[in-house]
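Good morning. I will talk about the empty space inside one protein, and I will keep it short.

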Amino acid sequence: MLSRFFTSSVRWLTYGLIAFLPYAAWSATQDSLFSPKLYLLSIGVLILLLLLAVVLVANRRISLSSTSVDVILVTLLLSMATLSMLVPTNKVQALLNPNTGLAFWLGLLILYGVCTALRLRPLVVAFYSAGVAALVITMQSLFPLVSSTLPKDLAFLAIPGATLVGSYLETSFFYGFFTLLGLGMLWKAKRHRRSPSLLVIAITILLFITSLASGYRASRTEQILPSYLSSWRAAVETLQSPQLMLTGFGSDNFIVAFTKAKTPAYNSQSDWSQNYRVARSGILQIWAEYGLPIVVLLILLLTTAIFRTYKSSRDDEVGTENIYLTIQMAALIAGLILLPLSPAIVFLLMMLLAEVVTETSPESSLLQLSFKRTPAATLPFATVLCLMSGAAGYGLYHVVGAELAFKKGIDNLSKGSVVYEQHRRAIQQNPFIERYRISFSQINLVLANSIMSKEKPSDQDKQTASQAIQVAIGEAKAAVSLNPLKSGNWLALATTYRSVIPVAKGADAWAIAAYQRAIILDPSNPSIRLQLGGVYYGLKQYDRAEELFKEALSLKADNPNFYYNYAWALYQGKKYDQAVSAMENVLKLIKDTKGEDYKKAQKELEDFKKAAAANKPIIPAKEQPEESNTDGEGNLSLPQPQPTTSPQIILPTGAGIASESAR
């Protein structure tokens with residue numbers, strides 16, 4: 001009796017996870033759509049493992065599916081697990097990535113195993129829950145909720161047409177997938193000469209309408225994704241060496257492959273300033289992060305699954321009633337090729353595989369491991385399951401707690417003490433997340449600047465500012481240590497050093513070294529050269545600034561701000577004729593001939609010409625901190641020579657870039 005109760009509990013918990021997982025959302029986390037799905041899955045799977053331990057001891061046997069699909073799937077995920085432990089520098093952040101991170105895949109693998117062992121139909125459950133979700137979306141579009149009636153953490157549900165699955169594109173595919181399933185269920189009913197269910201018909205129609213509506217919104221909303229060509233180049237970058245071909249760049253490291261694969265031609269695109277963390281194609285992202293062998297295994301898995309469905313549909317006893325599974329497999333393969341990888345896509349993949357195995361293999365094919373003659377042998381297995389659940393639960397407690405603290409800090413940016421304390425708590429609970437470190441570094445810089453901006457800072461103020469600067473540098477360095485392959489981490493460190501040049505002795509040299517490392521990792525990015533040139537310009541090393549501004553122009557010659565900085569570097573280097581020519585190019589590139597930037601450049605061009613004729617330098621009317629100008633228009637600005645304080649803060653020896661990291 002007790003065994004039956006726990007087995008039933010496993011069954012219903014699995015159904016609940018399948019029904020609610022695709023729609024888990026919580027605005028108490030910074031990523032309100034994807035991370036909550038990982039957290040819900042993790043909590044549910046941990047409870048499942050505990051229940052399975054009890055069932056194992058009570059039943060004294062284990063049922064496992066042992067088809068070719070199971071073997072290939074387990075091999076695939078074991079290979080991904082091995083690579084996750086060996087390749088990524090920041091293994092914890094890679095593990096927690098909701099798309100290609102191992103935690104989400106392994107959680108779904110356990111759900112898959114329960115579904116195949118208990119002969120459950122996961123897609124049928126997901127079909128009905130999708131129908132309910134589509135009905136809620138439809139009702140919300142027709143009769144919008146009032147946000148004030150909802151809890152703060154769920155207020156985003158009041159947005160008309162809000163989707164919990166992901167982007168509108170992913171949502172359209174998700175509901176379109178279940179539309180196909182509904183049609184398949186109706187076809188199967190017809191094959192058995194049963195009257196089609198009116199409920200299934202209604203849900204299928206509703207899912208179809210929701211899919212079309214989401215697709216329409218996707219066509220009207222520009223989704224920030226790299227092109228297929230850029231994604232392909234990032235994946236092919238793994239072929240540059242045998243090691244990368246076998247291992248990829250590591251989970252959560254698509255951005256590393258992307259920056260390495262970029263060419264100067266990329267800077268002619270409208271999104272030239274973007275470095276993407278996600279590929280436009282799911283299979284290309286898996287290739288870039290895990291290497292070619294994993295892609296081969298994935299293709300083998302999909303091919304085996306679609307062959308099983310096709311073979312089953314041609315079976316004389318079954319007829320063509322399972323042909324809808326073949327169609328769904330084809331649709332999912334198309335989704336993996338054409339859509340970015342997301343929790344919704346991974347969920348559909350694992351649940352469809354479970355459905356395929358359940359529908360195409362007899363119950364007699366289950367592998368039965370009996371411990372009835374040696375009941376004590378179940379205890380070690382049950383103990384391992386409990387220990388695994390306990391350890392994972394402890395880690396999950398810290399992960400979720402850190403995310404909640406970080407989000408609370410972000411939501412209270414106007415309250416200095418709250419934001420500082422919450423960031424510190426987030427890092428204490430989970431010190432492996434790079435964005436926590438970088439954000440805390442910036443907060444300490446703001447604190448130091450606010451203190452040093454006082455008219456007459458006291459000795460205590462200077463000491464507090466010095467400590468804040470050291471913390472800012474330490475946190476930025478920690479982000480680099482967590483993953484030194486990401487140019488963005490080096491750029492954050494360089495920006496931190498640059499910000500403290502006026503008050504910290506030696507910070508200029510460290511800023512230059514960090515910028516140079518960022519350039520090595522992202523060689524086709526002109527903005528980094530512009531910023532490094534700005535450091536030299538602020539130090540009045542105009543020849544070096546000129547070289548870097550010229551390099552930025554060689555990568556992107558249509559940016560007026562790049563030419564503007566180049567013109568002033570030439571002018572400060574007393575190359576007046578070249579400066580005039582460069583400023584004329586600024587005017588040619590500014591499209592708004594009536595704007596303030598055009599008038600500013602026009603006036604300075606006249607001043608340049610007068611100074612060139614008299615061979616006498618002029619002083620810029622107003623110099624401002626240099627900006628990157630990501631849109632290619634406007635915001636003409638120069639780096640400002642920064643006056644230093646006296647005496648300067650002496651940073652400890654450890655505040656510089658570690659020698660191994662800087663090389």
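Before the cavities, a word on naming: helices here are DSSP runs of at least four residues, numbered from the N terminus. One more thing to keep in mind is that this is a predicted model.

Now, how do we look for empty space? Rolling a probe the size of a water molecule over the atoms shows where empty space is left.

How many cavities of 30 Å³ or more does the structure hold? There are 2.

Let us take the largest cavity. About 60 Å³ of space lies in it. Its lining is made up of Ser230, Arg233, Ala234, Phe258, Ala261, Lys262, Thr263 and Tyr266. Two elements each give two or more residues to that lining: helix H9, which covers 228–236, and helix H11, which covers 254–261. Which of them gives the largest share? That is H9, with 3 residues. Sorted by class, the lining of the largest cavity has 4 nonpolar, 2 polar and 2 charged residues.

Next, the second largest cavity. Its volume is about 40 Å³. The residues that line it are Leu21, Pro22, Lys37, Phe104, Val165, Pro343, Ala344 and Phe347. Here the largest share, 3 residues, comes from helix H15, residues 343–360. By class, the lining of the second largest cavity has 7 nonpolar residues, no polar ones and 1 charged residue. Lysine counts as charged, so the charged residue in this lining is Lys37.

To recap, H9 gives the largest share of the lining in the largest cavity, and H15 does so in the second largest. That is all from me.

Terms used: Residues numbered from 1 in each chain as written. Predicted model: local features only at pLDDT ≥ 70, side-chain atom pairs only at ≥ 80, totals over all residues. Heavy atoms only, no water. 1 Å grid on protein atoms, 1.4 Å probe; cavity = no way out; pocket = protein on both sides within 12 Å on 5 of 7 lines; lining within 4 Å. Points joined across faces, edges and corners; volume = space filled by probe spheres on them.
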